[in-house]
Structures are given as structure tokens and as C-alpha cells.
Amino acid sequence: MASGKMPEVEVAVLGGLLVRDHDEERVPRGQRSRDLLAALVLRHHQPVDPSVLLEQVWGEGAGLGVAVVHTQVARLRRDVGDPTVLTTGGGYRLGELDLDADRFAWLVSEARGAAPDDAVGLLRRALGLWRGDRPYADVSEQLVVAESSRLLGLRTAAFELLAERLLDRGDGAAVDEAAALSERLVAADPLRERGHELAILAAARADALAAYDRLRTTLTEELGIDPAPRAQELQLRVLRDEIGPSAIGSPGSSSVSAPAPTTRIVGREEELARLRELLAERRLVTVAGLGGVGKSRLLAELATILGRGRVGGYLDLATLPERPGAELVEAVGRALGLSVPDADPVEALAAEIGTRATVLLADEAERCLADVAQVVEALLARCPGLRVVVTSRRPLGVAEEAVFALGPLPTPPPDVDPATAAAAPAVVLLRERIADRAPDLVHGDDAVPRLAALARRVDGVPLALQLLAAQAPGRSLDELDAHLDVPLALASDEGGLAPRHRTMQDTVAWSLDRLAARELRMLRRLAVFAGSFEPPVARAVAGSDLGSEADASAALHALVRDALVHVERSPSGLSFRLLRPVRDLARERLAEAGELDAATRRHRRWYAERWRGAQRSDALLQDVREHHPDYLLALAGAHEAGDREQIVDLTATIGYLWIFDNLLGPGVRWCTRALDSGLLSPLERARVLRMRGVLEANHDAERARVDLTEAIPVFAEYDDQVGLSGAHYALSLERSYSGDDEAALEHARLGVSAARHTHDERLADALANLAVVASVIDPVEAEAAAHEAWALVGRSGSVVALSGVATNLAWAQLAMGHGEVALELIGRAEARLAPAEPTDYLRFLRAWGLLVTGEPRPALADLARVIAAHEEAWEGRWMATCFVAAAIGLAAVAHPVAPELLAGAEANWARAGTSPAAWQEPLLAAAREHAAAIGPAPWGADTASGRALAALVLSAV
């Protein structure tokens, strides 16, 4: 616990529920008591309103009234001990406790950064906490489905990490144990590639080929895809004795956000080359064609090629509503890694992009054609370095648009010779896709004429070829030909095309109509997803009437084999997605079946409960980033349904991402919508006010202060120490930015006091903030806070926690005049964060440290990267400080632009309400002397703007 004192009460959930108090074990009696305790454990850092407990635990019996909750709490106290469940102003909460799930997660995090021998010991301790195969084993499943899925996923990751570290040790016994572990992992989840990769390493040279073949066969039979390139390369390197067991580490995040192709592209080499030429010549290229012709695949291939240089961003427009409004601009900003303020988002986004050369790739613009055309036209007019490639069934109709028409794959004429027919792209694609499923069916040259005829019957449309190939298992070519007697209209609204080319609906319907009942129900219900999804959420959203978990998994895999569900690789492994035509028709069928509302509720419930009551973590942020469209869809649905609890849960969960990535526009907009709904309880309202206040602290100081000041007494009344700590933290920053150092220090101390009743990561955050604020008033207190914060965060494997604490502590060291110490601390933090990229704020602080220690050139390189990334609004306080730092650096190297930049940066800084700290004054004084020696500043101090300053810096560095 954060206080350093071990709680006397332990709650164990890694198996059945169990409470240990003074070495005495107690088990809640009765289902209601167990469910009630589980509901409190899921939110054990905060009080839970009795009405919330009533809805969660009693469900349809919630009409009984909250009196039954009070009665059940009394029974639970008798079962597990009276001090365990406390009564507060905000409802019920658990007292200080040691939760085995928290210890398990902490031990796994510790193991990630430990040496192999230490890591093995930590992981054995972590896995030894499990008392069964399922957490919360005796709790009603619907209450804990999301948390159970998270813990099971973490356990799998722990087993994988244990196998890795055993391989790193390299002795015979360790390798044998790693081999056995990898076999268990493969048996438990044959489609998870990590287990197979570890098996390849453990098997070493003699058995590497067999292990790789098993992976390839499994993926081909189940999903129709090849292993990832990393596994292919790994197998070859092991066979060549080029690597030892430690050559493979934990999976990292992908550097390209576009869907990674899982098969080779067929017959599009010329189109791809022409598209690249057009992109070099023109600023807007629209890849136009009918649905299913391969536009999205061509764009993904382009993203892969450009990713070797630089893709600015990739955006799947199919995840947006048909009339997206402000969400479209926000989505473009997210794709480019930029924040978009609430006011005039198009202008703000254009200002963020500026003159920087970047490429935006946007898929499926026909979803919201007019909105896309308007936004793209506005951005191109304001951003000379921007280039855009979109796919759409129709051109955007924007001036100087280059339309690249993509047609079907060429098919061979009926009278062509077999060799020429076999080389036709449509035949090649059909043959490869059938071979993935039924290789004997297309063996030999005799099959070529039949394949050519089939390709002609579907006009060489790639989606139709793949759907046809999906029917191959267990059928002959004659039977495939007979299947094409069913009308297969490929149609489009575009003039000059035959009616059969106007829509892909009949193609998809043709495939849907041949599904078994369970698979059809599964597909219909998957249509509620806006983006990609993993098997656990697919099963939860599909509903329990599909049968067992194995039945639901079998139905999902059947849909993948039938090419109706698309497989993608994400940083967390394989994920699934419905292509747009399939999703649209499946959603129509879902509505016709009267199941749309129920499936939507299940979808919303999953995302609302996924991180209910959880604290900020690396896993939470990664999950919300990967599935942002579905989280937002769930939040919008919660507002439409007027579901208070889900509004609160989803706003809190997505809010961590809004704050960490500084997504000011959407964060403030959704927080304001929640506050204006009239649905929130006083405590819930305070939590949303705190979130909005944190987002606004750098941009709208007055409103931030009002929000936070209103929230603090509510947190105190309801004994919400997490909220109280966070609100004081944010208010101390706001007061510090505004120059009220005494008030800032008082709020920082109050934040630490509250955080001591929460957990280590929050306490480390609060102490690091205290170090920053105290550094200008009480250096002794600042040093003590810094040492305690670093010791606490050093026990954490969290990238998020380490980034936040390290940046604050570095700033405190700079404020105390310890530039070398600040640089050393930043270096240690970056080493701990590797291989992840350092955050922009770490780069910013390193630049100031380099300026303090007399190294302006590397400082300017860091500042240019930060400014080019536009992680903050250009007119915000933080970016104003970046401009000042850049001016100091350019003056130090006597760059001709320094006088102009310095005058504008200081004016911009003052307008942002910020003034130099005592440790920055000497740097500024020296910069003014250098600038004066260069020449007069051709800048009116009242005309400085963030956009102009950014252009000056980026042109100079």
C-alpha cells in the first residue's frame, strides 16, 4: 500500500473469493454476498453508491430498493469481518486491503525490468498466487467478465514472459521448462503466435522447423493467413544458428497504424507504382472504385511502403458516423498525432499541421463524402506540405483532385492458352486463396481453365474471388461453378457501368445466406462494432445463447474462414474486423431480427465495464487507443440511453487517454456533455469536473480553477481520496502556472496527504508534483519529495507512471539549478522506458537541461521534434515555453533568425500568462545579449502567434 504499512486484511480473487484477516480465512456465504464483495473489490479505491450496487448485483431485482443492499452489507460484514466494509458519505467501500490481483500485476511489472534470474523468481511468485483456472470463480460471471478477461490475459502474458526469461538463462533445465511452458501456451490458445514463437526458440535447431510448420498450419487452417514476418525470420535464423535463445523479446508496438497486410498483394504492382508517382506529383489523390475492388488493400500496401519513410497518419473513416461533424476533424487529428482544441477545430488542426511535410491516408471516404471533401479542401488550402490519399466509391469533387480509378483484376479471355491464363492476376488470386483452404482442388494445369472461367464469372472483383474461395473446402470446381448460378450482382451507382457493378450487397448476402444458424447470429451481432475486436469481447457481445465459449469461438473462426471476418495484427496480437460491406448488411439483418438493441447494449456494457474502477495503466491506455472508435460509440450510446453509470464509467476510462495524450477538444466536449446531462450524482459530477479541470489547466486557467475548486469539497465530503489527490494536484499546477507559488505549494501538500491513502503510483505522481512546486520555495522539501517519488515509481513497471514522475522530477532538478542531475534522471528514465519512444515532454525537459549545461545544438534537435509533433496546442502555455527554449538555443548558436524568434516567443509567452522562472532568467539574459549582437528584431511583440513561431523554428533547425 502507498502508506508503506501492509494492510491486515487480504482479499484473494485469483480463484474463488477469499478474505484473510489475522491469518484467519473467511469465505462469503451465499451468491449475493460474493457478488456484493466482488462489486466492491472492482472499485476498491473509491466509495460505491448503494443504488449502483443494487443495479449491479441484483440486476432485474433492482426494484426491491436499496434497503436490500444495506441488509446484504450487514450479512457480508458478519461473514468477512466488520472492518472490511466501510460506510462513507459516498456509499460503501472496502477498507485498506491487500488484493492478490494487484500484487500479481505488480510482480509481473517488476519482472519485465528485472534480470533473468530475478524475473523468474518474481514470475513464480506471481503465478503462485493463482488458486484456480479462473479469477472470481464463484462470482456471477456477468459481473466480472471484463476484469476476468483482463486478469486471464495478464496471466498468459506472465507465462510467456516466464518462458522468455527461462530461455534467457540458457541452461538445460531452464530450456526444458520453457519448452514445456510453450507447449502449454500453444495448447491453451493455438492462434496466439507468441506461444509458437517461444516453442520455436525452445525447440532450437532440431525442432525449429516442426514448431514453425505447426504455427503455419494452424493459422492457415483456422484463419487462412500466414505467420507474421517476425516468426518467419526467427525460424530461419534459428535454423542457421544465427541467434541464441535470448534473441526475441516481448512484442513491441507497431510503427505503422494502417492494417498490416497478412498476405501478398496480387496483380497490383503497376497500380501501386502509379499511385506512388501520383502522390509525388499531386497533393490530393482519390483511389475510386466500386466496393470490394481492393481500394483499402491498395492503401494499406501504400502505408506499408511509405512507413519505411514517414506516414503522417492513417484513418479508417468507416469507424465514424455518417454525419461525423466535429468527430471527423478530431479523428484526423488523432491519426496525425495532433490535439484539436474545441473552438474552430479545422483552423486549429490546420495551424497544428502548418508547413510540415506529411501524408494523410484515409480509407472509405464515401461513408461521409461531403464532410471529408470539406475538411480535406480546407486543410490543403492552409497546409502547403500536406498530401492526402483517400479511397472512395466516388471522387471527392475537390479542385485539383487526381482521381485514380481502380478496376477489377484482369481476367483472361476464354480462348487464351493455359500458361497465359494461369498468369492472369484474377486467376492467380483465386488459385492462391483456394489453395489456402483446399490445395488439392487447384493442383495441376488442368484446373487453370476452370479457375479462369470462375474468375470471369465474378468479373475479377477481389472480394468476390475471396468469397468464392471460402466455399472451396469439401467442394469440387463444378460445385463452385454451380454456386455461381445464384445471382451475384456486382453493382454501382456510377454512370456507364453495368447494373451488376453497382453494389456488393448481393455478394455478401450470397455468402450470408449459406451460413449455419449459429454463425449467422454471430455475424449479425458482430456488426455493432465500429472497429477491430478480440475474441473475448466478440463472445460477450454475441450473447450467451450462442452456446458455450467453445461454440462461440468456433463460429467466429468459421466466419474468418468464410472471409466474412477480416483478421488483423495489432500490438496485442491477432484481432478481427468486419469489412464495411459485410458489416452494413449484417447490421441490416440484425435490425430485421429485432436484435439490434440487445446487441448494442451488450457492446456498450463491455466497454463500460472493461476498466470500471481501474486506475490509469499502460494496458488501459493501449486498449483505449486500439479500440477508440468503439469506446466513443459506447459513450455516445450511453448518453442516448441516459445510462448514468455507463456515462460515468466510459468518461472516466476514455478520460485517461484524453489527459495523457492531451486530447483537449474531445475531452472537454465529452466532459461538458456529461456535466450538462443532469444525470450525475454529486460525487460523479466532481470526478468529471476534475477531469475537465486537468485538461484545461494549460489552456483555460480560469475555468480549470472553477471546476477544481467546486470538486474538492465534494471529494472531501465523500472521502474520495483518489479524487481529492488528483484535484489538488491539478489545482497546484494551475496556481503555479499563474505565479501563485504559496497557494501552489499548499495544494501540492494536500495532494500528497490524500494520495498517501491510495496507492504507490498515485503517491509517486503527487510527490513528484510537490517536488516541482516546492523547488522554488523549499528546496529541502523538494529533494525529500523527489527521493521518495523516485523510490516508489522505481518499483513499478509502468511506462505511464515512470514518464509522468520522471518529467516532474527533472523539472524540479532544473528549478533547483541541477542541470546535470536532471539530464542523468532523464537518461535513466529513457533507459527504463526502452524500447518505447521517450515522450515529447521528456524531450522538452532534456532540451532545457542541455541548454542549462551549454549544449544548444542537441537541445534544438529535441525542441524541433517536439514542436513538429504538435502534441500541445500552439497557443498553450507549454508550447509557448518550447518557443522560448528554441529562441535561447538559436541565439546561443548565433542563428540569424534568433532576434525575431526571441522577440516573438517572449511576447507569446507573456500572452499565455507565463513568466520565466528564476533558473531560466540567466539563460534569457544571455539570449537577449546574443540576439542584440546579431541585429534588431523585425517583429512586433503584439503580433506573435504560435503558428508563425513554429514555422520560424522548424525552418531554422
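In what order do the 4 strands of the open sheet lie, and is their pairing mixed or of one kind? In this predicted model, the order across the sheet is β3-β2-β1-β6, and the pairing is mixed. The two edges are taken by β3, residues 24-26, and β6, residues 97-99, each of which pairs on one side only. On average, neighbouring strands here are turned by 25° against each other, direction ignored. As helpful background, strands of a sheet pair through backbone hydrogen bonds, either parallel or antiparallel.

A good place to begin exploring the sheet is the pair formed by β1 and β6. Strand β1 covers residues 9-12 and joins β6 in the parallel sense, over 3 bridges. Within this pair, Val11 stands opposite Leu99 of β6. The β1 and β6 strands also share a helical neighbour: α4, made up of residues 100-112, lies across both of them. Relative to β6, helix α4 runs at about 55°.

Further along the chain, a pair of helices invites a closer look. Two packed helices are described by the angle between their axes and the distance between the axes. For α39 (residues 856-869) and α43 (residues 946-956), the axes come within 10 Å and cross at roughly 135°. Because oblique covers angles that are neither roughly parallel, roughly antiparallel nor roughly perpendicular, α39 is oblique to α43. The crossing of α39 past α43 is left-handed.

Which residues of the two helices meet? From α39 come Ala864, Ile867 and Ala868, and from α43 come Ala950, Val953 and Leu954. Sorted by class, this contact between α39 and α43 has 6 nonpolar residues, with no polar and no charged ones.

How values were computed:
Residues numbered from 1 in each chain as written. Predicted model: local features only at pLDDT ≥ 70, side-chain atom pairs only at ≥ 80, totals over all residues. Heavy atoms only, no water. Pairing = 2+ DSSP bridges. Axes fitted to C-alpha atoms, helices over the stretch in contact; angles between N-to-C directions. Contact = heavy atoms within 4.5 Å. Parallel < 35°, antiparallel > 145°, perpendicular 65-115°, else oblique. Left-handed = near helix turned anticlockwise from the far one by under 90°. Nonpolar A, V, L, I, M, F, W, Y, C, P; charged D, E, K, R; others polar.
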